[in-house]
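Please look over the model shown here. The report starts from one residue and works outward to sheet, core, domains and chain contact.

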Amino acid sequence: MMEQEVVLSPGSSAPALPRFSGVQRFLKLEFLSALGLLPFIWQSLFFFIPMLLLFSMSFIDNSSGTLRFTISHFTQLFSTTYLSIILNSVGLSLLTTLITLCIAFPFSFISIFHFSKYKNIISLFLLIPFWTNFILHIYAWFFVLEKNGFLNQVLMHFGFITEPLAFLNNFFSIMVMMIYYYLPFMILPIYSTLERFDSSIFEASMDLGANRFQTLLKVVIPLCIGGIRTGIFLVFIPSFAEFLIPELMGGDKYFFMGNVISLYMFEEKTLGTAVAFTTLSLAVVLMIVYFIQKGLVLFTRRLTRGVRT
Amino acid sequence: MTRSIRLVGVSKTKNGNKILDNVTLTIPSGEFFALLGPSGCGKTTLLRLIAGLESVDAGKIYLGEVDITHMPVHKRKINIVFQNYALFPHLDVYDNIAYSLSITGMHEDEIDRRVFKLLKAFHLDKLVDKKPSELSGGQQQRVAIARAIINEPEVLLLDEPLAALDYKLREKMLIELIELQDKLLTTFVYVTHDQFEALTVADHMCIMDPEGGIAQFGTPKQIYEFPDSTFVAKFVGNTNLFHGRLGKKGDATLFHASDLGTFTVECTPQKLELIESDNAIMSIRPEKIFISKKSVENFSNTLKGIVNSIVYTGRSTLYEVLLKNGKKIQVFEQNEEHFPQVNIDYDDEVFLSWQKENVVMLKE
């Protein structure tokens, strides 16, 4: 958004700053700018410094009891095993992002513009999952997906299947849990962005000759692209490092970046390798985030492309 | 090309409330038409039905001779200027105005030509790449109108377009709108609850009653000077109403107002038949009454009273005069001279006089 331009008539000078006494000056200026430092100090103490310390550990070898500089933690990562784990993780998180987006966008649009009466109830239902512990949700899903679980019972009752299907401990159960868990993170930003707009904007588009599809492409999506971007990042970044869901729902068969990091961290106790792997995954995430960001900008520009050349 | 709009028996119910009740109305082609009514009388709903943003429960809508009752909104060559303008916040002024043309896939040079022509006419050429949030209310208004007329609709609907503007700007925009309509000759339908705006812009206008029906249709002058009902008389402009009964004395029609006396009035035979003589209402506009401290000859009717309050507004003065039956009536005088011959002050006894032709008789 461009800043509003203040037009001064020619010859007029900028208004003089009001004079403050010493105490007022301190209160108004120094004190306020000092307040601005607080978040910076907070971030430094609890984020930047620990991150730097952690990062430095990936270059330290203490296997012989003395600390030595090494890059072996990184070089060992460049193998096909690790490469396929990285690709799996990218695939899992991109797939989760894509599916949640495909559910969240129509859900938000329909619930805001067609069920606006139930807006508060819908928001409540979106937030309820955050009130209880995540592990409980996983166990709830066990009951649904297990061999004698709810889903199999229902399918057999209606005669779709005769033998219970194995829904648990495979890629399907991982995806179900991933989508279930990350869906609210996608819906909330899109929902709150769409909520800000008056439906008359969409009516204006239709009134000016655009059909529903053209309105969707030229007005609705460009308007909530900010919410879509936030949603994508809120889902993509954490789901890339997700280790609990694959571990609990995948039955030890599936390894993603999060599982490898946790393995080195807690089982093997090789901190250096774990941190090196974390650094690598951070680099991959940042790269993909950069491309998504670029892609979204291009996409919006293409949708709203004016007729001027 | 411009066409008329015809509504036949249109009804609309929302959430169990009857918003429009059997409305039949013809909006003449190429005219500036005003739809005036109190808040909540369904005039915006009527506009949305014409635009196609909502569908009718019963009745038909015609554009010229074409039945458009079930035509989807984007196919109707009818555009609307929303009350809140509904500009696209993500598009700049140029793209907002070019929107309807770019949808049709028109050649870019042609779009460019048309948009810039309109930008110049609307004095927006310096704001081409500003976003709506960077514009003032008046500028947003202009963009909204330009956006709605660029694809040459057959009818332009305006939903209280000046409600968000301040008084001075409103007067200016009213005149601009009238000039624009003169130039385009597109049918304009202007919805408002402000009687001043409606009287100013309209060639023909229609008053809606609070129950969602049509109270009266006519030119502004017909509606102001000859209201059909007490509702219209009170809603459009100010008026003084007297209750009483009608009588005849030779050729003259007389009106007996309870405990005020008898007045001579003029009433057409058709109207006389319509009004129940025992329950008639006499309406006289404040500006039709002449106020003076001495009795004046040559007026059909005269009434005495005491000045109760004086509101001086510069170009005119509004007097409130207490009559002997305890009723107050309003009198409106133009301030034609710096120093009027006789100054009227509080508690002065005054004579109020009017001609019988200026009275309107109404049914209870």
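How many other C-beta atoms lie within 10 Å of B:Leu185? This is a predicted model. In it, B:Leu185 has 13 such neighbours, so B:Leu185 counts as partly exposed.

**Two loop residues with positive phi**

B:Leu185 sits in the loop that links helix 5 to strand 8 of chain B. Its phi is positive, about 60°, although B:Leu185 is not a glycine. Most residues other than glycine have a negative phi. B:Glu160 is another non-glycine residue with a positive phi, here about 40°. B:Glu160 belongs to the loop between strand 7 and helix 5 (167–184) of chain B. Is B:Glu160 buried or exposed? B:Glu160 has 20 C-beta neighbours inside 10 Å, so B:Glu160 counts as buried. A glycine also takes a positive phi: B:Gly52, just after helix 1 of chain B, at about 95°.

| Residue | Phi | Place in chain B |
|---|---|---|
| B:Gly52 | about 95° | just after helix 1 |
| B:Leu185 | about 60° | loop between helix 5 and strand 8 |
| B:Glu160 | about 40° | loop between strand 7 and helix 5 |

**Helix 1**

Helix 1 of chain B spans residues 43–51 and is mostly covered, with nine of its nine residues buried. Among the buried residues are B:Lys43, B:Arg48 and B:Ile50. B:Leu46, B:Leu47 and B:Leu49 are also on that list.

**The sheet**

Chain B holds an open sheet of six strands. Their order is 6-7-8-3-9-10, and the pairing is mixed. Strand 6 and strand 10 (214–218) stand at the edges with a single partner strand each, so one side of each is left without a neighbour in the sheet. From one strand to the next the twist averages 15°. Strand 7 (residues 155–159) and strand 8 (residues 187–192) of chain B run parallel and are joined by five bridges. Across this pair, B:Leu157 stands opposite B:Val189 of strand 8.

**The largest nonpolar core**

B:Leu157 and B:Val189 return in the largest nonpolar core, which has 143 residues. Along with B:Phe33, B:Leu35, B:Ile50 and B:Tyr190, they touch the most other members. Which helix gives the largest share of this core? Helix 7 (residues 171–195) of chain A does, with eleven residues. Domain 1 (5–228) and domain 2 (238–363) of chain B both give residues to this core, so the core lies between them.

B:Phe33 shows the packing in detail. Leaving aside residues up to four places away in sequence, B:Phe33 touches B:Thr187, B:Phe188, B:Val189 and B:Tyr190, among others. Its contacts also include B:Ile27 and B:Pro28. A further group includes B:Ala202, B:Asp203, B:His204 and B:Met205.

**Domains of chain B**

Chain B is divided into domain 1 (5–228) and domain 2 (238–363). The C-alpha centres of these two domains lie 39 Å apart.

**Contact with chain A**

On the contact between chains, 28 residues of chain B meet 22 residues of chain A. Strand 6 (78–81), helix 2 (93–104) and helix 3 (108–121) of chain B each supply at least two residues to the side of chain B that touches chain A. Helix 2 gives the most, with eight residues. By type, the residues on this side of chain B are 14 nonpolar, eight polar and six charged. Strand 6 thus has two roles here: it is an edge strand of the sheet, and it supplies residues to the side that touches chain A.

Definitions and conventions:
Residues are numbered from 1 along each chain as its sequence is written. Chains are lettered from A and ligands numbered from 1 in the order in which they are written. This is a predicted model: local features need pLDDT of at least 70, side-chain atom pairs count only at pLDDT 80 or more; totals for chains, interfaces and linings use all residues. A nonpolar core is a set of buried Ala, Val, Leu, Ile, Met, Phe, Trp, Tyr and Cys residues joined through C-beta atoms within 7 Å. A residue is buried if 20 or more other C-beta atoms lie within 10 Å of its own, exposed if 12 or fewer, and partly exposed in between; C-beta atoms are placed from the backbone. Helices (H or I, at least four residues) and strands (E, at least two) are DSSP runs, numbered from the N terminus. Domain bounds come from an automatic or database domain assignment. Two residues are in contact if their C-beta atoms, placed from the backbone, lie within 7 Å. Ala, Val, Leu, Ile, Met, Phe, Trp, Tyr, Cys and Pro count as nonpolar, Asp, Glu, Lys and Arg as charged, and the others, Gly among them, as polar. Two strands pair if DSSP finds at least two bridges between them. Axes are lines fitted to C-alpha atoms, for helices over the stretch in contact, and angles run from 0 to 180 degrees between N-to-C directions.
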